[in-house]
Amino acid sequence: MKFAQAVFFLEKAAKYLSESKGMQESLPFICGGDFNSLPVSSVLSVFYGEDFGDDSKQPSAWSLPESIPQARLDLYKQIDQMRMRKAKNDMFSPLAGHLRSAYDKF
Amino acid sequence: MNHPPRFRDLVTPIDVNQKCSFISSSHPVLIHVMSYNVLADQLATPDFHPLQTSQELDFAFRAPRIIEEIRQSGASLVFLQELDRIDDFYDEKLKSLGFSVVYGQRGSQDGKKAKHTIAIAYQSSEWLLIDQELIDLGEVKKWFLNNDAFELGANRNAMLCILQHRESN
């Protein structure tokens with residue numbers, strides 16, 4: 001659920017920025033909050049554009065728990081496919097150049 | 001498989017802990033931001049926090065320390081989560097520190113009563129609020145109409161604000 005919400009939020013934020021006419025080039029986008037999630041989590045992996053996959057090496061060190069139920073795994077994959085489709089359709093592109101991160105400092 | 005551009009490739013690490021610097025006009029501007037989950041009073045119970053003493057969970061004990069933490073941070077932008085006790089504490093205290101505050105959804109939504117909300121507090125002397133938009137994260141359930149996992153409680157919000165830095169414009 002949080003994984004999907006993160007994708008949803010980024011899409012909304014990108015749309016909001018794109019509709020802020022005349023401001024896209026100069027607006028820094030500061031994203032703050034606890035995201036109701038841990039620094040090592042699927043949510044943060046969305047913000048860092050990590051590839052989803054059972055065997056991928058994630059910089060956030062996030063990985064699916066071995067005991068994850070199949071239904072939940074299928075849901076993760078479904079959401080990730082949705083994320084990839086949206087990315088391919090440039091739905092997140094208004095955020096390009098606006099995201100900065102303090103992640104490496106923690 | 002060809003992947004679309006990654007967000008990671010779009011991200012620029014900042015150079016100071018919890019401080020975000022960027023270039024606006026020709027002048028570098030240093031912004032001090034703070035994100036703070038203050039723990040809603042309604043959730044400060046022994047059931048949720050068995051390692052804390054009753055005194056530590058008491059809002060009368062925590063509240064002045066939370067405000068002092070915010071004051072000492074020197075942040076001009078504060079992102080708050082799990083905010084309750086707004087009318088009888090936070091609103092007045094934050095304003096006394098020079099903040100204006102934009103709150104997330106408050107009260108009931110879809111017949112569900114919210115326990116707490118989010119807020120963006122900004123120093124009025126440094127920032128001018130241009131626009132704000134609330135995002136109902138519960139809308140994500142529209143993507144998964146037949147999945148009960150996406151039935152959320154009330155007031156699962158995010159918030160977007162456009163703030164103009166007064167000095168750098």
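I count a residue as buried if 20 or more other C-beta atoms lie within 10 Å of its own, as exposed if 12 or fewer do, and as partly exposed in between, with C-beta atoms placed from the backbone.

The model is predicted: local features need pLDDT (the predictor's confidence in each residue, from 0 to 100) of at least 70, side-chain atom pairs count only at pLDDT 80 or more, and totals for chains, interfaces and linings use all residues. Residues are numbered from 1 along each chain as its sequence is written, and chains are lettered from A and ligands numbered from 1 in the order in which they are written.

I noted the scores: ipTM is 0.78 and pTM is 0.81. For chain B I found a mean pLDDT of 81, with 72% of its residues at 70 or more.

I then read chain A along its sequence and obtained the pattern α-α-α-β, where helices (H or I, at least four residues) and strands (E, at least two) are DSSP runs numbered from the N terminus. Of its 106 residues, 27% are buried.

I looked next at helix α3 of chain A, residues 70-88. Its buried residues are I79(A), D80(A), R83(A) and A87(A). Seen down the axis of α3(A), they fall within an arc of 100° (taken over the directions from the helix axis to the C-beta atoms), so they line one face of the helix. I found the exposed residues Q70(A), A71(A), D74(A), Q81(A) and R85(A) on the face turned away from that buried side.

Finally, I recorded that D90(A), just after α3(A), takes a positive phi of about 60°.
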